[in-house]
Amino acid sequence: MLQFITHPSEKYSIAEEVQMAIEGGCRWIQLRMKDASDEEVRNVALEIIPMCQETDTFLIIDDRVELVNELRVSGVHLGKEDMDPMQAREILGPHAIIGVTANTAADIIKFKGKDVDYVGLGPFRFTTTKKNLAPEIGLEGYTEIVKDVRAAGVELPIVAIGGITEDDVKPLMATGVNGIAMSGAIIGADDPMLYTSSVMEKLLGIPGK
């Protein structure tokens, strides 16, 4: 699976980014506007909700639990400094998707038995789309973390994130992660729609995924 994470761009509006990702076959969007006001996020969300509804695309919003609840989108992604995911679950109910951020195996194992839906594990490598970055994990790091997490009996889906490009898809998926998240590589491509489509082809061509 591929999650596309929006990021402000000089070239495209966020709605244009989302449209190109969807046209390329992506069916999971994270609206991430860290420095924007709730009103700005709400306005963009209202622009992209119809696109997502028409194509059965999951739309999650980064951090803003109250907005997720108000707009009735698919769910929320919570960073380490954001609301506790159990509190978010109480607000959003049983059907919302709740994703959490992790940088280590210990970060993931602490969610054993908790009602969260996936973990965004990163960064794979350095990325300019995120401030206060944790140390890079790399391919060997993902292999070790997945092994440790599964050995601890935690079956949460793990989504790799952080500076990932199309060329990283197959080697990353071979580490045992369940999906990838991309932002800059798609937005910065000559043709973001075609780039997304190529990434989706690679993901769909991996046996068992």
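In helix α9, the buried residues (under 20% relative accessible area, 1.4 Å probe, protein chains only) are Pro192, Tyr195, Thr196, Val199, Met200 and Leu203. Seen down the axis of α9, these residues fall within an arc of 135°, so they line one face of the helix. The model is predicted, so local features need pLDDT of at least 70 and side-chain atom pairs count only at pLDDT 80 or more, while totals for chains, interfaces and linings use all residues. Residues are numbered from 1 along each chain as its sequence is written, and side-chain values use heavy atoms, with hydrogens and water left out.

**Helix α9**
- The buried residues of α9 pack against β1 (2-5), α1, α7 (169-173), β8 (179-182) and α8 (184-187).
- Turned away from the buried side of α9 are Leu194, Glu201 and Leu204, which are exposed, meaning over 50% relative accessible area.
- At the N-terminal end of α9, Asp191 acts as a cap, with a side-chain oxygen 3.1 Å from the backbone nitrogen of Met193.

**After α9**
- Ile206 lies in the segment after α9 (192-204) and is buried, with a relative accessible area of 14%.
- Leaving aside neighbours within four places in sequence, Ile206 is in contact (heavy atoms within 4.5 Å) with Val169, Lys170 and Met173.

**Helix α2**
- A kink of about 30° (the angle between axes fitted to the seven residues ending there and the seven starting there) lies at Ile48, shortly before Pro50.
- Among the buried residues of α2 are Val41, Ile48 and Cys52.
- After α2 comes Asp56, whose phi is positive, near 55°.

Conventions: Helix = DSSP H or I, 4+ residues; strand = E, 2+ residues; numbered from the N terminus. Arc of directions from axis to C-beta. Polar contact = N/O pair within 3.5 Å; in protein donor to acceptor, adjacent residues only side chain to side chain.
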